[in-house]
Amino acid sequence: MTLWLYLHFPVLQLDTLYSAQKEQPIIIVEAKSNAIVQFNEAAAVHGMKLGMGLGTASSLCCDLYVQPYQAAVEKEKLLEIAHWLYIKTSDISFFEPNGILLRVSNMLTLYDGLDNYWQVIKEHLTQLKIHFSYATAYSPLAAQLLAQSRFNIVTNNREVLLSAIQRYSLSNTILPPKTTEKLNRIGVHNLKELLSIPIAEIAKRFDITLVNFVGRLSGKIHHPIDFYTPPVQFKRCLQLLFDIENTQWLARPLLLLLSKLEDFLTLRDKVAHEIIITLHQRDVSDV
């Protein structure tokens with residue numbers, strides 16, 4: 001079976017826009033529910049938790065900086081991470097909004113084993129200065145669940161991986177709440193108990209959603225994966241967090257983008273004959 005590596009980025013918007021503001025308590029809130037989906041360490045000190053409502057959060061910290069969740073920011077950052085990883089590994093797939101899947105098996109000969117491969121990937125990824133958790137498994141779904149639970153182990157030992165996934169609670173999976181409740185009523189509370197039920201029996205008693213989940217988790221049903229193809233042109237967007245009153249203040253953010261362009265060109269042995277820089281005014285639709 002194919003070995004997969006899943007990388008989970010739990011605070012990708014914070015890492016992208018607010019990594020320098022370590023002392024300011026910051027939370028990212030989902031607009032519809034007004035619930036916290038991301039928070040930094042300074043906010044954690046004040047008792048912030050995932051899913052907490054904005055009202056409760058505000059009562060815990062009077063100096064709280066609140067920002068709405070922006071899926072577009074994370075999508076752009078995932079693309080940037082994929083660009084960066086493609087230097088070291090092929091077969092990359094996006095699991096939006098905050099995950100990337102790597103097919104490992106076909107890279108092990110090149111790197112002379114899993115340990116060497118992971119050491120290269122980890123060191124390469126660390127240079128981006130973003131938070132991530134990770135895990136390997138013999139199915140994409142199993143790797144995703146383990147990484148999201150901060151398993152943080154890279155191994156090809158089937159027994160270790162099976163033991164880890166079996167301990168996973170159903171309430172923490174992507175299964176619909178109604179399906180989880182129905183399974184709980186028949187005494188199934190974790191993946192070990194679920195995987196012990198023959199898939200034919202599951203098909204008789206439950207809908208196709210659960211059948212596909214169990215099949216993809218165990219690797220018995222193919223999990224369709226679309227692999228990333230890197231672009232031939234460099235394009236990056238940088239959102240500034242402050243007003244520009246002097247054009248000289250643009251030097252630092254432009255230097256950051258030009259540094260990334262330099263890496264892009266160097267690794268591909270290319271040159272740039274033209275650079276187009278587009279500036280957008282705040283609250284103005286026209287460029």
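Here are four short exercises on this predicted model, each with a worked solution.

Residues are numbered from 1 along each chain as its sequence is written. In this predicted model local features need pLDDT of at least 70, side-chain atom pairs count only at pLDDT 80 or more, totals for chains, interfaces and linings use all residues, and side-chain values use heavy atoms, with hydrogens and water left out.

**Exercise 1: the four-stranded sheet**

Task: work out which strands stand at the edges of the sheet with the order E5-E6-E1-E7.

Solution. Let us start with the labels: helices (H or I, at least four residues) and strands (E, at least two) are DSSP runs, numbered from the N terminus. Two strands pair if DSSP finds at least two bridges between them.

Step 1. The sheet is open, has four strands and shows antiparallel pairing.

Step 2. E5 (92-95) and E7 (133-137) each have a single partner strand, so they are the edges, and one side of each is left without a neighbour in the sheet.

Step 3. Ignoring direction, neighbouring strands here are turned by 20° against each other on average; axes are lines fitted to C-alpha atoms, for helices over the stretch in contact, and angles run from 0 to 180 degrees between N-to-C directions.

Step 4. Now the pairs: E1 (residues 4-8) is joined to E7 by five bridges, and Leu-7 has Tyr-134 as its bridge partner in E7. E5 and E6 are linked by four bridges, with Phe-95 partnered by Gly-99 of E6. These two strands form a hairpin with three residues between them.

**Exercise 2: helices on the sheet and on each other**

Task: find which strands H7 touches, and then describe how H4 packs against H6.

Solution. Contact means heavy atoms within 4.5 Å.

Step 1. H7 (residues 140-148) packs on the four-stranded sheet, touching E1, E5, E6 and E7, and its direction makes about 150° with that of E7.

Step 2. H4 (residues 71-85) and H6 (residues 114-126) pack at about 135°, with axes 10 Å apart. That makes H4 oblique to H6, since angles under 35 degrees count as roughly parallel, over 145 as roughly antiparallel, 65 to 115 as roughly perpendicular and the rest as oblique.

Step 3. Ile-81, Trp-84 and Leu-85 of H4 meet Ile-121, His-124 and Leu-125 of H6. These residues divide into five nonpolar, one polar and no charged. (Ala, Val, Leu, Ile, Met, Phe, Trp, Tyr, Cys and Pro count as nonpolar, Asp, Glu, Lys and Arg as charged, and the others, Gly among them, as polar.)

**Exercise 3: two residues**

Task: decide whether Cys-62 and Gln-144 are buried or exposed.

Solution. Buried means under 20% relative accessible area, exposed over 50%, partly exposed in between (1.4 Å probe, protein chains only).

Step 1. Cys-62 sits in the loop between H3 (54-60) and E4 (65-68). Its relative accessibility is 84%, so Cys-62 counts as exposed.

Step 2. Gln-144 lies in H7. Its relative accessibility is 12%, so Gln-144 counts as buried.

Step 3. Not counting residues up to four places away in sequence, Gln-144 touches Tyr-6 and Phe-95.

**Exercise 4: the three-stranded sheet**

Task: describe the sheet with the order E3-E2-E4.

Solution. Step 1. This open sheet has mixed pairing.

Step 2. E3 (35-39) and E4 stand at the edges, each with a single partner strand. Neighbouring strands are turned by 40° against each other on average, direction ignored.

Step 3. Four bridges join E2 (residues 26-30) to E3, and the two run antiparallel. Val-29 has Ile-36 as its bridge partner in E3.
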